[in-house]
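Here are a few short exercises to work through with the coordinates open. Try each one before you read the solution.

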Amino acid sequence: MPGVTIKGLTKRFGEIAAVEGLHFQVKPGELVSLLGPSGCGKTTTLRLVAGFLRPEAGEIWVGDRCLSSPTTVVPPERRRMAMIFQSYALWPHMTVAGNVAYGLRFKKGLPKADRERRVREILKVVQLEGFEARYPGELSGGQQQRVAVARALVVEPEILLLDEPLSNLDASLREEMRFEIRRLHEAFGITTLYVTHDQAEAMVISDRIAVLHRGRVVQVGPAAELFEQPKTRFVAEFIGKTNLVDGVAAGSDIVTRGSLRLRVASADLTPGAMVTVSIRPHEIDVVTDHPGRVLSGGENLLRGIIHRVHYLGDGIDCQVPLVGNDVILRVTAPPSLRVRSGEPVILAVAPAACVPLTEGGE
Ligand SMILES: Nc1ncnc2c1ncn2[C@@H]1O[C@H](COP(=O)(O)OP(=O)(O)O)[C@@H](O)[C@H]1O
Ligand SMILES: [Mg+2]
């Protein structure tokens, strides 16, 4: 089972660099998501990996084979890869069995009986037994998606490529299919590159996530690492909600902004440097309504006034302008806390929850 290595990949369309100097790796048997907003170069990357596009610079390696470079592009059908599209791309005039068998069209020497057996087996895996004779028009969106998955798996590809395969499904089915894709990945262990703009989907499905911004990979890591240790403003804001506070390092682990003084997680800031600190709204405790609560000495205690309270069921969302400076923090409090607009409060934030972004810029 080979992995995929992308080295300095660049693809331009006229003036636009859709993908620029891309580097990342999918290890053997790993599922990596490419996550980013619309237009950031996800589909272009996938089409480069599939062999539909020629790069202007860089290389794509699968195991010890270089499949793409500016001078050579191994054609898609010789890459031992299968791709699943957002639109499913099923043949409407072919039955379910016919569509899945179509995936085997390049396996020339395969006897008919083996072909039929493999189609039957893979339909069982995606839980579509008994649907062999139906046409795509007689299936729900989720079932059509399963046919597309079966057609990709039936060829036993070395690499599986998926481009936003769930975005045409309604919300509840989309969630169910996330688990289904993860289950299939665990069953088959095929090296997989999965493209999505949906952070929750990427978090459920992936071993690691590569965040793409304007044609570049800005950070790669497991979901928890990206959420807890974002390196850039873009990653901090794209994965979950956050507060970003711009300030100046006043010590190795102190960031100030006006009268605000925050003790932060890192201990190696350069005094005088500009620093942006990311604080997740649910990591901030509203403490005045807990008279019994013991404040630990290490916490940052900040005075503020509750503002714009929104009850969301599983939490209360509010804005808290701090007293004495221009910072407004967004706070998610537990729903049991009956905070009221205009109420003065103290916010407690553990230094570990104040994460300085290590890379400047966006
Ligand atoms: N065939 C093409 N011709 C011209 N521009 C393209 C083409 N394909 C993609 N682009 C441009 O490249 C950028 C990245 O597109 P794409 O890879 O489709 O993004 P994503 O899949 O992340 O939404 C966009 O600005 C898009 O308009
Ligand atoms: Mg796309």
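**Exercise 1: packing of a helix**

Work out what the buried residues of helix 3 pack against.

Solution. They pack against helix 2 (96-102) and helix 4 (141-153); contact means C-beta atoms, placed from the backbone, within 7 Å. Helices here are DSSP runs (H or I, at least four residues), numbered from the N terminus. Keep in mind that this is a predicted model, where local features need pLDDT of at least 70, side-chain atom pairs count only at pLDDT 80 or more, and totals for chains, interfaces and linings use all residues. Residues are numbered from 1 along each chain as its sequence is written, while chains are lettered from A and ligands numbered from 1 in the order in which they are written.

**Exercise 2: two sides of helix 3**

Sort residues of helix 3 into buried and exposed (20 or more, versus 12 or fewer, other C-beta atoms within 10 Å of the residue's own, with partly exposed in between).

Solution. Start with the buried set: Arg118, Val119, Ile122 and Leu123. Down the axis of helix 3, these fall within an arc of 130 degrees (taken from the directions from the axis to the C-beta atoms), so they line one face of the helix. Next, flip to the face turned away from the buried side: there sit the exposed Ala113, Asp114, Arg117 and Lys124. Just after the helix, Gln127 has a positive phi of about 60 degrees.

**Exercise 3: contacts of Ala150**

Find which residues Ala150 touches, skipping those up to four places away in sequence.

Solution. The list is Val100, Ile122, Leu123, Val126 and Leu128.

Notes:
Helices (H or I, at least four residues) and strands (E, at least two) are DSSP runs, numbered from the N terminus. Two residues are in contact if their C-beta atoms, placed from the backbone, lie within 7 Å.
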